[in-house]
Amino acid sequence: MDFTSFEAAHFLVILPEIILVGIAALVMTMDVVQKGESRRMMGYVTALGFLAALLIGIAVAAPSGDPKLLFGGTIRSDMLGFVFRAMFLVAGAVTAVLTSDVKGLGKRGDFFAVLIATVIGMNFMAIATDLIMLYLAMETTSISAYALTGFLLNNDRSAESGLKYFLFGAVTSTVMLFGFSLLYGLTGHTNLYGIAEALSAGNVSFVMLIGIAIMILVGIGFKLSAFPFHFWTPDVYEGAPTPITAFISTASKTAGFIVLLRVFIVALSTSSGVAGWLPLIMAIAAVTTTLGNLVALAQTNIKRLLAYSSIAHAGYTLMAFVAFQQAPEESVSAVTFYLMTYILTNLLAFAVVILFAKVAGSDEIADYAGMSRRSPNLALVMLIAFLSLAGIPPLAGFLGKFFIFKVVMDAGLVWLAIVGALNALVALYYYLVVMKVVYVDPAPEGAPRIPIATPYRIVLAVLTVGVIVLGTAATPFYNWAIAGASSFF
Amino acid sequence: MDFPILSVITFFPGIVGALLFFFPEDNKEQIRWTALLASLVTLVLSVMVYFTYDVDLGGYQMVDRFAWIPAVGINYIVAVDGMSLPMVLLTGIVLTTGVLISWGIDDRPREFFALLFLLAMGVWGVFVAQDMFTLFFFYEVAVFPMYLMIAMWGWKKTREYAAMKLTLFLVVGSLFALIGALAMYAESGLGTFDMFIIQEQAVFSERFQIIWFPFVFVGFIVLAGMFPFHNWSPVGHVAAPTAVSMFHAGVLMKLGAYAALRVGVVLLPEGAKFWMPYIVIAAFINVVYGSLIAMTRKDLKYMIGYSSVSHMGLVVLGLATLNELGLTGAGLQMFSHGAMTALFFSCIGMVYDRAHTRMIPELGGVMKKLPMVGVAFIIGGLVSMGMPLFSGFVAELPIFMGAWRAGVQGPDFIANYYAWIAIISALAIVITAAYIIRAVGSVFFGEIPEKIEADLTPIRWQDRTAIVILVVSLLALGFYPAWMDTVIKTGVDSVMAVLGA
């Protein structure tokens, strides 16, 4: 493989991440300097830092021309990676604002610094094309995420969920690392493109290749919370501080998908390899969706419900992924676009959960009774988020699902489309049940209204508009996803 | 560029619906008047659309298009033809009367009217959409507000169950139709959802059409309440608040029939021909079974609910004949039944709001107290029975004639029985007459039960206006069908051209 030689200008490509390091240092400094109420500023500074990184990234780091392998082939500057980085930055910014008012987290600079570290890790996951770089990025993300999950040390549930997340994560990541090492041993390359070239020579046996694919799938499946690596999801989502649940369920999952795309499509898609692992992922997609949706039916806690629904959404996204052989660009763009819609929608849903829990002190669905009378606007926002999750137009989720169904049908996978359709029905049912509680059931006597602080108002408004725009005037975003997909191949 | 009237009529209610959410929630009068004014605007617009359509020219008119997501061939295209035009008008009528009838809603009227207008946006969107994506988009927009409206303002006893049942039935139907439409998209290789282009250029093998026609047709026809997917419909009608029942039976069920025709029959004509006898049988069961069940109901709303199943069966029967008479009849029946059911449900709503019961044996002598409601109900009944000079006759006669002739098209396994299907369906009208006359007799005449006597307060001017609008449209069609008949003929002609007959 021929890698472009090193130039100082290449640092521009990772300028957003460099800025983030600076912001992390700034927040840590503020943590020491700021006193009292002004400590609240740290969350806003973090959020603005993410946005600044995004804007500067668009101005400077956005890839132009052909994709390039940089830094000795460890990262690839392409549109797809950039789109994913943009998603992580947005998710990070929203999470920072959502945390700013949460007791025990909002005024801790170290929390925001770790959050920034997580996003840096994810950003490198999005562009890494070398096993070592990839593993480093994934571990940076994971270890920071374990810390975020268990951040409320005096809260048993938070600590428990942090530990659970860590144990699952450590084991699966080890298995994946073993797969990586085998891959290196057999091909002599750590670069994904180098591996692809070596594998296409056909010197690696089919069984070996499938074994490696499965090992790597363990690590990625954990990130995606795909069956059968989903067991941690509900417990961790329930126990973690809610903004972190929002963050893990959106950004972390999305990061898993970009790794899936890079490793499986770039490195492992030799014709014999695909024949082995694609049916497996197809089955995982169908089972993950179905399982997530069916178990979600039985949930009484909103965070657990959203946890299972997020498992189901990972399954839908996998459905778009498995169509990549017949319709490569459509598949990758459908995955990318779906993740965009999902990130916005799920963050919006969790924002409502955070606000509600702040007043009601509960995440039980039954306690949402009559919320539409306590706070009609918040209820409306929740309705929009849930209908978007259910895939109802004119909201983002509809268009996301539409593209998935489209690519699945383009690939001729009618059975998978039918599985998806039936699942959409089940999902609609439990989302509607929640909305029924919110709109139809009577509110408890004297339940207070739900105040919404200005920063939250801004976040809710931006996300709501985003969810509607991605469901209607989505053309620029979809074109972005397409540009990403075509830069990928 | 011309005034994009179809886009305006589609998006105006959506904008009104969205804006209503920003109104102060306690100023209920302001909300009601805004809703009424907005609905009058849409009524005027829909009348304008109806009369600007050039009947001599025929075909699709007032086309308005815009490349929505060009990368995958998604376009926003709207246009009307002879089949959809009456539906556009009907939606305007039902929306306006629905708003008038809902004046009494006191619990969260802001949300109610906002959802009603969003629903209307979806309905108009489907009737004018000429792109499969646009059609699905609006189709689903039309479905979900129903859930909330039934669950929030419906009849306490059954609303949650009914709302969920209805939503799940309709959504699963639409998803299967979506899969069918995507199959067409993939198979055609044209890379567009534009139904004009697919209709003209796509070459679908007969096998493909036979496989995929049921997906599309059945997926949509669920919303028209076709047997055996009718089950959600009476339950939904009964649980829904009056305006929603009106909208639901009056317009939404036509949405299913119209979309099944537009996407199913027109784009997959060979599939339609293959499946036609089976659909005829299912529709026939609808007609007879619906009226038989209606006969046994004591609850007025259930009675009209099942009568809707029966009448929508006639629409589907008309469509399934695939001949000119049947299709014309189906088009007329869609309008006639829409206005008629809206009238029925509004009358029942007025009685129920006062008497707090809908059970036929518990009512009586309503005519004395509410003469206008009684007269309106009787007119609705005459339409329903297919009396000459009323719109029901104008619509149902061609359907029966069409069904009789359906067999002439070619040999199929029920070729010898079409005449019988037509005759027995026509006889089902007798059953309709029986239950309507029974209901009229015991609800509106006779002694007023003491229990309800004091409750039967006069109706509001809003209610009276609504009744007048609906009655006038029914009578206009009954006495002088030519104003709609000729329009529908142009639509039927283009369908017949596709069918190659």
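This note covers chain B as a whole, one buried arginine in it, and the interface between chain A and chain B in a predicted model.

1. **Make-up of chain B.** Start with the secondary structure. Chain B has 20 helices and two strands. Its C-alpha trace spans about 70 × 55 × 40 Å along the principal axes.

2. **Is chain B compact or extended?** Check the radius of gyration, which is 21 Å for chain B. A compact globule of 501 residues would come near 23 Å, so the value agrees with a compact globule. Burial can be read beside this: 67% of the 501 residues of chain B count as buried.

3. **Contacts along the chain.** Take the contacts in chain B between residues at least 6 apart in sequence. Of these, 81% join residues at least 24 apart.

4. **Arg32(B): buried or exposed?** This arginine sits in helix H2 of chain B, which covers residues 28-52. Its relative accessibility is 7%. The cut-off for buried is under 20%, so Arg32(B) counts as buried.

5. **What surrounds Arg32(B)?** Set aside the neighbours within four places in sequence. Arg32(B) is then in contact with Trp103(B), Ile105(B), Asp106(B) and Phe113(B). With one of these, Asp106(B), the side chain of Arg32(B) makes a polar contact of 3.4 Å.

6. **Extent of the interface.** Now turn to the two chains together. On chain A, 40 residues are in contact with 40 residues of chain B. Together the chains bury about 3,500 Å², and carbon and sulfur atoms account for 80% of that. Phe402(A), Met409(A) and Val440(A) supply 15% of the area chain A buries against chain B, more than any other three residues.

7. **Polar and charged links.** How many salt bridges are there between chain A and chain B? The count is two. In one salt bridge, Arg373(A) pairs with Asp107(B), with the closest N and O atoms 3.2 Å apart. Seven residue pairs are in polar contact between the chains, both residues being at pLDDT 80 or more.

8. **Which helices of chain A touch chain B?** Five elements each supply at least two residues to this side of chain A: H14 (371-374), H15 (376-390), H16 (396-410), H17 (414-439) and H19 (475-488). H17(A) gives the most, with 13 residues.

9. **Residue classes on that side.** The side of chain A that touches chain B has 28 nonpolar residues. Six polar and six charged residues complete it. Read this beside the buried area, 80% of which is on carbon and sulfur atoms.

Definitions and conventions:
Residues are numbered from 1 along each chain as its sequence is written. Chains are lettered from A and ligands numbered from 1 in the order in which they are written. Side-chain values use heavy atoms; hydrogens and water are left out. Contact means heavy atoms within 4.5 Å. Buried area is the accessible area (1.4 Å probe) that two parts lose on being put together, summed over both. A salt bridge is a side-chain nitrogen of Lys or Arg within 4 Å of a carboxyl oxygen of Asp or Glu. A polar contact is a pair of N or O atoms within 3.5 Å; within protein, one must be able to donate a hydrogen and the other to accept it, and residues adjacent in sequence count only if both atoms are side-chain atoms. Helices (H or I, at least four residues) and strands (E, at least two) are DSSP runs, numbered from the N terminus. Ala, Val, Leu, Ile, Met, Phe, Trp, Tyr, Cys and Pro count as nonpolar, Asp, Glu, Lys and Arg as charged, and the others, Gly among them, as polar. Buried means under 20% relative accessible area, exposed over 50%, partly exposed in between (1.4 Å probe, protein chains only). The radius of gyration is taken over C-alpha atoms; the globule rule is 2.2 Å times the number of residues to the power 0.38.
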